[in-house]
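Subject: Structure for your review

Dear colleague,

Please find below the structure I agreed to hand over, with its sequence. My notes on it follow directly after.

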Amino acid sequence: MTPDLDDLRAAVRASHFIAALTGAGISAESGIPTFRGPGGLWRSFRPEELATPEAFQRDPHLVWEWYNWRRGIIRRAEPNPGHRALASLERLKGDGFRLITQNIDGLHDSAGSRHVAKLHGDIWRVRCTGCGSVTRHEEVPLRSVPPLCACGALLRPDVVWFGEPLPELEWREAVDAGRRAQLFLLIGTSAVVYPAAGLVELARSGGARVAVINPEATPLDHLAEWALRGPAGEILPQIVD
Ligand code: OAD
């Protein structure tokens, strides 16, 4: 174990409140493509055609086909040791830990994390564009595209698209966790999408020590005391013992 890892392990042990923000990178080792970087979804798809409310209004069929395809990939994926280490951390720390994710894949839940603030929604939920009801919806492949609500209106994925606000309750929880954190773990995110990335600055200004876990550099590494360059599935199990 390197001194850096030892040191971070000690900080994990000593901190009374830890917040972790995860991004697509934590699910990369489970076989789910990230958005940016080599093989990233935004290298082959245009977000403005698939992940905006205007795109959905223009072509709900196309948008749903894309989510249907992503559901297929996610359905086949299993949580990896990185997800499982964060679930263990929650078990160890109880209320002294808060997990915040930008991911919609549900793999933190499958790994056993009980309380996850999902800032960008959940691919396994739908929201009715008519009556507004939100329900779990795990059908894949979809029988009809786009799916319809019992009220007759179109269902949409209950995810956050570009130009939409984050869910209020989850965001409030995330801000509260950022403010309270003594240690903030930034895991598998390019940290370029706001407001989520702003949580690191918030935590840092409140005095949190910051650790970045990512094979690549991020624009927020300058705020970090630890920048551990490597896959989350290898590093997290070593710092959560
Ligand atoms: P990105 O695709 O922007 O970034 C993924 C990050 O994971 C990169 O910094 C990679 O270096 C890193 N990474 C890759 N493999 C990793 C591994 N094994 N372990 C740890 N890190 C690894 O994904 P996000 O930052 O999650 O939003 O993107 C943020 C938001 O932008 C997403 O929630 C999505 C997207 O557009 C919406 O769709 C609203």
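The centres of domain 1 and domain 2, taken over C-alpha atoms, are 26 Å apart. Please note that this is a predicted model. Domain 1 is assembled from three stretches of the chain, 1-32, 78-120 and 166-241, while domain 2 comprises 35-76 and 123-159. Where the two domains meet, 10 residues of domain 1 are in contact with 10 residues of domain 2.

Overall architecture

The chain contains 10 helices and nine strands. Its radius of gyration is 18 Å, close to the 18 Å that the globule rule gives for 241 residues, so the chain is as compact as a globular protein of that length. The C-alpha trace spans about 55 × 35 × 30 Å along its principal axes. Of the 241 residues, 51% count as buried. If one takes the contacts between residues at least 6 apart in sequence, 68% of them join residues at least 24 apart.

As to the surface, the chain exposes about 11,200 Å², and 51% of that area is supplied by carbon and sulfur atoms. There are 27 positive and 29 negative side chains; the centres of these two sets lie 2 Å apart.

Backbone features

Two cis peptide bonds deserve your attention when you inspect the model. One runs from V140 to P141, with omega near -5°. P141 is placed in the loop between β5 (134-136) and β6 (155-159). The other joins Y194 and P195, with omega at about 10°, and P195 belongs to the loop between β7 (183-187) and α9 (198-205).

The loop between β7 and α9 also holds A191. The phi angle of A191 is near 55°, a positive value in a residue other than glycine. Is A191 buried or exposed? Its relative accessibility is 4%, and because the cut-off for burial is under 20%, A191 counts as buried.

Two local environments

I also examined two individual positions, S133 and V175.

S133 sits in the loop between β4 (121-128) and β5. With a relative accessible area of 31%, S133 is partly exposed. Which residues does S133 touch, leaving aside its neighbours within four places in sequence? Its contacts are V126, R127, C128 and C149. S133 can also be related to C151: the two are 18 residues apart in sequence, and their C-alpha atoms are 9.8 Å apart in space.

V175 lies in helix α8, which covers residues 168-180. This residue counts as buried, at 14% relative accessibility. Once neighbours within four places in sequence are left aside, V175 is in contact with L199 and L202. Along the chain V175 and V200 are 25 residues apart, and a distance of 9.8 Å separates their C-alpha atoms.

In viewing the model, you may wish to begin with the two domains, then turn to the loop between β7 and α9, where both P195 and A191 are found. The surroundings of S133 and V175 can be inspected after that.

With kind regards

Note on methods. Residues numbered from 1 in each chain as written. Predicted model: local features only at pLDDT ≥ 70, side-chain atom pairs only at ≥ 80, totals over all residues. Heavy atoms only, no water. Helix = DSSP H or I, 4+ residues; strand = E, 2+ residues; numbered from the N terminus. Rg over C-alpha atoms; globule rule 2.2 N^0.38 Å. Buried < 20%, exposed > 50% of the residue type's maximum accessible area, 1.4 Å probe, protein only. Contact = heavy atoms within 4.5 Å. Areas by Shrake-Rupley, 256 points an atom, 1.4 Å probe, with all protein chains shown as cover. Lys, Arg positive; Asp, Glu negative; His and termini not counted. Charge placed at Lys NZ, Arg CZ, Asp CG, Glu CD. Domains from an automatic or database assignment.
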